[in-house]
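These entries record what I looked up, item by item. I began with a single residue and then turned to cavities, aromatic rings and contacts between distant positions.

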Amino acid sequence: MSMLVDKTKEVIRTLLPVVILVLLLCYTIVDVETDIIIRFIVGSVMLLIGLSVFLWGIDLSMNPIGEHMSMEIATSRSLLKIAILSFFLGFLVTVAEPDLLILGSQVEAASGGTMNATFIVYMVSIGVGVMISLGVFRLLRDKPLNIFMTITYGIILVLAILVSEEFLAISFDASGATTGALTTPFVLALSLGLSKVKGGSSSEENSFGLVGIMSAGPILAVMLISIISGQKNIQGDAGEYIVAEGVLRPIINAFPGIFAESLLALLPISILFFGYNFIKFKLTKEELFRIIKGLVFTLLGLAIFLTAVNSGFMDMGRIIGMELGKMSHWILIGIGFLLGLIVVLVEPAVHILGEQIEEVTSGHIPLSLIRMTLSIGVGAAIALSMVRIVVPEVKLWYFLLPGFAFAILLSFKSDPVFVGIAYDAGGVASGPMTATFVLAFAQGAATVIETANVLVDGFGVIAMVAMAPVFSIMVLGTAFKHKKVTYPVIEKKSVMTSHLIEEGNIQHDCILVVANRGFAERVIEVARQSGATGATIIRGRGTDEDQKVMLPVINIELQPEKEIVLLITGTHVSESVADSVLRDTQLEQDGEVSVFISPAEAMVETLA
Amino acid sequence: MIDIDAMFFVVVSQGKANDVLRKAKDCGAKSGTIFLGEGTIQNKLLEILGLTEVRKEILMISSSNEICDKLHETLSEEFMFYKKNKGIAFTIPFKRWQLQDTLEEQKSSPENIAATHFCILTIVDKGRGKACINAARAAGARGGTLIHARGAGIPAEFYFPLVIEPQKEIVMVITTKEKAAPIRNRIFSELELGKVGNGIIFTLPVNRVSGIFEGVTP
């Protein structure tokens with residue numbers, strides 16, 4: 001089975017609940033035209049194909065591009081170059097984002113033309129560039145993420161007091177729009193690459209957080225625009241919404257435009273990368289070919305995915321929202337919760353973040369747990385948004401403010417890896433599915449409920465979706481920090497050591513040291529002192545009968561992270577290497593090392 | 001504490017390692033370590049599309065020889081290693097090293113390593129693992145598993161002081177005794193491992209295999 005099959009299966013697993021729920025609604029309480037139901041089903045199939053191909057393409061293209069670019073940034077010797085290069089990466093990846101232009105024109109219309117759409121796009125992109133630049137500095141300098149984010153959100157809070165509620169909603173929405181289908185994977189890859197190059201004990205924590213930092217850029221930019229221009233109120237209405245007719249026509253009509261947009265969004269980063277490759281990287285033909293293949297997959301997948309979502313899902317969301325809005329408010333809130341619960345898992349970036357978590361922690365953090373937490377967070381966010389639509393007295397900041405405040409507070413109590421994941425999750429959850437399907441659902445509900453304002457209430461939904469996962473994952477991270485480790489009583493007895501047979505051709509031993517995550521460097525240091533030369537580290541996770549790591553409350557057993565160090569030593573030193581590793585007190589106490597030796601037949605020349 | 005004198009390795013598709021470990025614990029295995037790897041499949045069409053990677057999980061269980069034998073039997077049965085592409089398992093005689101409390105003379109165990117197969121491990125820079133697998137295939141190996149790893153950190157002075165951790169790939173090829181030498185030589189020459197810094201290659205003896213379709217006498 002290949003990875004594409006695995007990806008497709010994963011997408012099916014996440015998409016199926018959405019399809020079932022929607023169809024169930026269609027045949028029970030909501031009255032939907034057959035055309036739209038068929039279009040929804042066609043859209044689902046397209047979404048399945050598009051998303052699988054897209055995820056595959058990202059794997060082939062964005063990950064290596066992110067890795068090479070981050071290498072270029074990190075190994076730079078000039079501060080100015082690091083700043084400018086990371087600024088440009090952030091700027092370029094944002095400026096071409098189609099969602100952002102849509103948002104810009106919405107704001108232009110809403111402000112009665114006083115604000116230019118292009119101006120907004122550029123300002124937001126500059127905001128992202130600056131934040132990426134700062135985020136890269138933070139990462140390279142190893143400053144704690146929680147303090148960095150506290151300061152950032154502190155500034156946002158101060159600005160939030162100065163802007164109107166409309167602009168508060170728009171600024172958070174801008175953040176949701178910039179963390180689109182393409183930007184998020186790229187920035188995730190960039191931060192993974194940077195942390196790999198940077199290395200060190202905090203490399204795991206550093207793999208996350210850049211998306212979170214980036215998504216603060218648009219918030220700051222839009223708030224500043226509002227304050228400087230003195231624009232407070234937005235006028236106008238969302239305009240008359242026309243549900244497209246027919247089954248295939250809307251899909252076919254939408255595709256070329258979306259394809260062009262996707263191409264445009266992909267272009268700046270590709271050009272920058274190929275330019276750099278021409279001057280500097282000079283990758284082999286094979287590698288380059290792989291990346292180009294990946295880019296083609298990404299483009300095709302993205303275009304199919306977005307078409308499916310825009311023409312298959314949006315009308316459906318709108319109609320369900322309108323129909324439910326007419327019914328009991330409790331049904332609206334309940335269905336909203338359910339939709340949020342399952343729709344977020346279809347977001348492309350959620351898949352990519354999950355993959356990254358798995359790679360970085362080699363399976364130590366259970367993916368299902370992260371997904372569940374994310375789901376509950378987003379479900380609650382949508383439900384609360386529905387409450388806000390139904391009850392006009394409830395304001396957006398009633399939830400946003402305490403939500404972020406608690407999240408920030410928890411970030412000092414949480415397991416450090418989770419701080420990054422949590423901030424990233426906000427940007428990751430508010431992707432294209434939220435921006436189309438869920439937003440359409442909320443706006444549909446808002447149009448039928450008299451007291452609701454389609455524009456303001458609609459905008460706020462994305463802000464809520466961006467906040468809730470930060471909060472919920474931070475809670476999970478706090479639980480992880482307090483995981484219980486039960487140690488057995490270690491019986492120390494004098495041990496006999498079996499010696500290795502000296503065969504004529506065995507001149508080397510392979511020593512395998514299994515230790516807790518973070519101790520590999522120490523193992524190598526000790527081993528080197530007693531005569532070992534090279535070493536290779538593998539990341540893994542391990543379980544031990546005698547030692548159990550449990551999460552409080554939910555009682556899930558975790559597999560602690562391990563590092564496996566592979567050493568090749570000459571037989572004459574291998575004993576002393578093994579002994580000294582076991583004797584090292586630091587390793588013995590916290591590292592929980594165990595050492596294994598096997599005779600190895602090495603080609604001596606290669607060990608020079 | 002029981003004597004540990006073998007390391008039981010299982011390579012299965014991603015997500016299955018936990019099931020295998022659970023089963024292994026029923027057989028008396030105490031602890032296991034899991035890490036991620038990549039397998040390869042041979043298929044011309046998929047190669048063109050760039051779809052040759054398969055995510056694998058490698059489970060490493062340290063245990064006594066008896067338990068390892070039991071694991072071989074139970075796990076091959078349970079997870080159908082005798083069918084192709086279901087997974088493979090093998091044992092490498094890794095001894096657990098323990099500190100000498102007394103000054104007692106170290107006894108060498110008379111046990112002979114009856115290696116029927118060999119595990120060829122090649123450590124190269126990231127990106128060259130594929131070439132290594134191709135070389136192994138050309139010399140008669142069926143396939144290989146790629147493990148992502150990193151070398152020991154080298155402090156480097158850039159604008160920000162970094163500890164550059166070179167990304168490495170470990171290629172694991174299991175093969176019969178007869179084929180081991182040609183495969184090793186082929187990899188050695190094709191990847192120019194003779195040059196300093198290009199990578200290292202070594203072989204480990206394998207006691208017993210399950211799920212490998214070459215040179216196995218039923």
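**Entry 1: a strand residue in chain B.** I looked up T175(B) and found a relative accessibility of 0%, so this residue counts as buried, the limit being under 20%. The model I consulted is predicted. T175(B) belongs to strand β11 of chain B. I then took its separation from R142(B): the two are 33 residues apart along the chain, and their C-alpha atoms are separated by 8.1 Å.

**Entry 2: cavities.** How many cavities of 30 Å³ or more does a search of the whole structure find? I noted four. I recorded a volume of about 130 Å³ for the largest cavity. Its lining comprises 16 residues, and those nearest the centre are L512(A), L566(A), F9(B), L121(B) and M172(B). I then listed the elements that give two or more residues to this lining: β7 (561-570) of chain A, and from chain B the strands β4 (88-92), β7 (117-125) and β11 (167-176). Strand β11 of chain B is also where I had placed T175(B). By class, I entered 16 nonpolar residues for the lining of the largest cavity, with no polar and no charged ones.

**Entry 3: the second largest cavity.** For this one I noted a volume of about 90 Å³. It is lined by 16 residues, and Y153(A), S215(A), G426(A), G427(A) and A466(A) are the closest to its centre. Which elements of chain A each supply at least two residues of this lining? I wrote down α7 (145-162), α8 (165-178), α11 (210-229), α18 (416-429) and α20 (454-481). The class count for the second largest cavity gave me eight nonpolar, eight polar and no charged residues.

**Entry 4: aromatic rings.** I counted 14 aromatic pairs over all chains. I examined the pair of Y153(A) and Y423(A), which is stacked, with 6.1 Å centre to centre and 15° between the planes. The pair links distant parts of the chain, since Y153(A) lies in helix α7 and Y423(A) in helix α18 of chain A, 270 residues apart. Are these two tyrosines buried or exposed? Y153(A) is buried, because its relative accessible area is 10%. Y423(A) also counts as buried, because its relative accessibility is 2%. Y153(A) had already appeared in my list for the second largest cavity, among the residues closest to its centre. I further noted one aromatic cluster formed by F87(A), F88(A), F91(A) and Y122(A). Finally, I found K282(A) over the face of F278(A), 5.9 Å from the ring centre.

**Entry 5: a serine in a helix.** I looked up S270(A) and placed this residue in helix α12 (residues 249-281) of chain A. S270(A) counts as buried because its relative accessibility is 9%. What does the side chain of S270(A) reach? I found the backbone oxygen of L266(A), at 2.7 Å.

**Entry 6: a loop residue in chain A.** I located L345(A) in the loop between α14 (329-343) and α15 (348-361) of chain A. At 17% relative accessibility, L345(A) falls under the 20% limit and therefore counts as buried. I closed with the separation of L345(A) from M433(A): 88 residues in sequence, and 9.4 Å in space from C-alpha to C-alpha.

Methods. Residues are numbered from 1 along each chain as its sequence is written. Chains are lettered from A and ligands numbered from 1 in the order in which they are written. This is a predicted model: local features need pLDDT of at least 70, side-chain atom pairs count only at pLDDT 80 or more; totals for chains, interfaces and linings use all residues. Side-chain values use heavy atoms; hydrogens and water are left out. Helices (H or I, at least four residues) and strands (E, at least two) are DSSP runs, numbered from the N terminus. Buried means under 20% relative accessible area, exposed over 50%, partly exposed in between (1.4 Å probe, protein chains only). A polar contact is a pair of N or O atoms within 3.5 Å; within protein, one must be able to donate a hydrogen and the other to accept it, and residues adjacent in sequence count only if both atoms are side-chain atoms. On a 1 Å grid over the protein atoms alone, a cavity is a set of points where a 1.4 Å probe fits but cannot get out, and a pocket is an open set with protein on both sides within 12 Å along at least five of seven lines; lining residues have an atom within 4 Å of a point. Grid points are joined across faces, edges and corners, and a volume is the space filled by probe spheres set on the points. Ala, Val, Leu, Ile, Met, Phe, Trp, Tyr, Cys and Pro count as nonpolar, Asp, Glu, Lys and Arg as charged, and the others, Gly among them, as polar. Rings of Phe, Tyr and Trp (its six-membered ring) pair if their centres lie within 6.5 Å; planes under 30 degrees apart count as stacked, over 60 as edge-to-face and the rest as tilted. A charge sits over a ring if NZ of Lys or CZ of Arg is within 6 Å of the ring centre and within 35 degrees of the ring normal.
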